[in-house]
Amino acid sequence: MSKAVSITLPDAVLQGDLSVPRGATGIVAFAHGSGSGRHRPRNRFVAEKLNAAGLATLLMDLLTEEEERIDDVTGELRFDIGLLARRTAQVVQWIGDQPKLRDLPCGLFGASTGAAAQKAPISDPTLDPTTRSTGTPASSSTLITPMWA
């Protein structure tokens, strides 16, 4: 199953693409700030590989379309780690609230500011992070974080 989703948060409605292969064994949410959104070929390629391996994926943009337009001019929102982290934590909560997703172990994937934004959910006491690994593909840090098992 693949579909576009709208994730309603207290301060924004975020757009995402959810793909859940039959028999999914977990879900990976991609956290993207400005410039590395859900439509980028690299992100879609990684998501397709994860789907083929039996993992559901949620590619989402942490900024709204209007915020992207503002950020294109000012560059300020892409580096607002507090905003990106809060939204990442809220999306993790949204995943946990979805009946078809709540029982899947959840992890996060992000590069650059998306990776930095993942620190808020890690510190959330309602979640159970077990490990974190980092790397540096294409000169940016990448983080995959299991959120609960």
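The protein contains five helices and seven strands, as seen in a predicted model. Followed along the sequence, these elements are arranged in the pattern β-β-β-α-β-α-α-β-α-α-β-β. Of the 149 residues in the protein, 48% are buried. Among contacts with a separation of 6 or more, 63% join residues that lie 24 or more positions apart. The surface that the protein exposes amounts to about 7,600 Å², and carbon and sulfur atoms supply 55% of that area.

The interior may be considered next. In soluble globular proteins, nonpolar side chains tend to be buried together. Here, the largest nonpolar core has 27 residues, and those with the most contacts inside it are I7, I27, L58, I95 and L101. The elements that give two or more residues to this core are strand 1 (2–8), strand 2 (13–19), strand 3 (26–32), strand 4 (55–61), helix 3 (81–97) and strand 5 (106–111). Helix 3 provides the largest share, six residues.

I7 illustrates how such a residue is surrounded. Apart from its neighbours within four places in sequence, I7 is in contact with A12, V13, L14, L58, V91 and W94. One of these partners, L58, is itself listed with I7 among the residues that have the most contacts inside the largest core.

A second core, separate from the one just described, has five residues, including V28, F30, L59 and F109. Two of these residues, F30 and F109, form an aromatic pair, and the count of such pairs comes to one. The two rings are tilted, with 55° between their planes and a centre-to-centre distance of 4.8 Å. This pair links distant parts of the chain, since F30 belongs to strand 3 and F109 to strand 5, 79 residues apart. F30 and F109 are both buried.

A charged residue also deserves attention. Where does D17 lie? D17 is part of strand 2. With a relative accessible area of 15%, D17 counts as buried because this value falls under the 20% cut-off. The side chain of D17 makes a polar contact with the side chain of R44, at 3.2 Å. Beyond its neighbours within four places in sequence, D17 is in contact with K3, A4, V5, R38, H39, R44, T57, L58 and L59. Two of these partners connect D17 to the cores: L58 is named in the largest core, whereas L59 is included in the second.

How values were computed: Residues are numbered from 1 along each chain as its sequence is written. This is a predicted model: local features need pLDDT of at least 70, side-chain atom pairs count only at pLDDT 80 or more; totals for chains, interfaces and linings use all residues. Side-chain values use heavy atoms; hydrogens and water are left out. Helices (H or I, at least four residues) and strands (E, at least two) are DSSP runs, numbered from the N terminus. Buried means under 20% relative accessible area, exposed over 50%, partly exposed in between (1.4 Å probe, protein chains only). Contact means heavy atoms within 4.5 Å. Accessible areas come from the Shrake-Rupley method with a 1.4 Å probe; for residues, only the protein chains shown count as cover. A nonpolar core is a set of buried Ala, Val, Leu, Ile, Met, Phe, Trp, Tyr and Cys residues joined through side-chain atoms within 4.5 Å. A polar contact is a pair of N or O atoms within 3.5 Å; within protein, one must be able to donate a hydrogen and the other to accept it, and residues adjacent in sequence count only if both atoms are side-chain atoms. Rings of Phe, Tyr and Trp (its six-membered ring) pair if their centres lie within 6.5 Å; planes under 30 degrees apart count as stacked, over 60 as edge-to-face and the rest as tilted.
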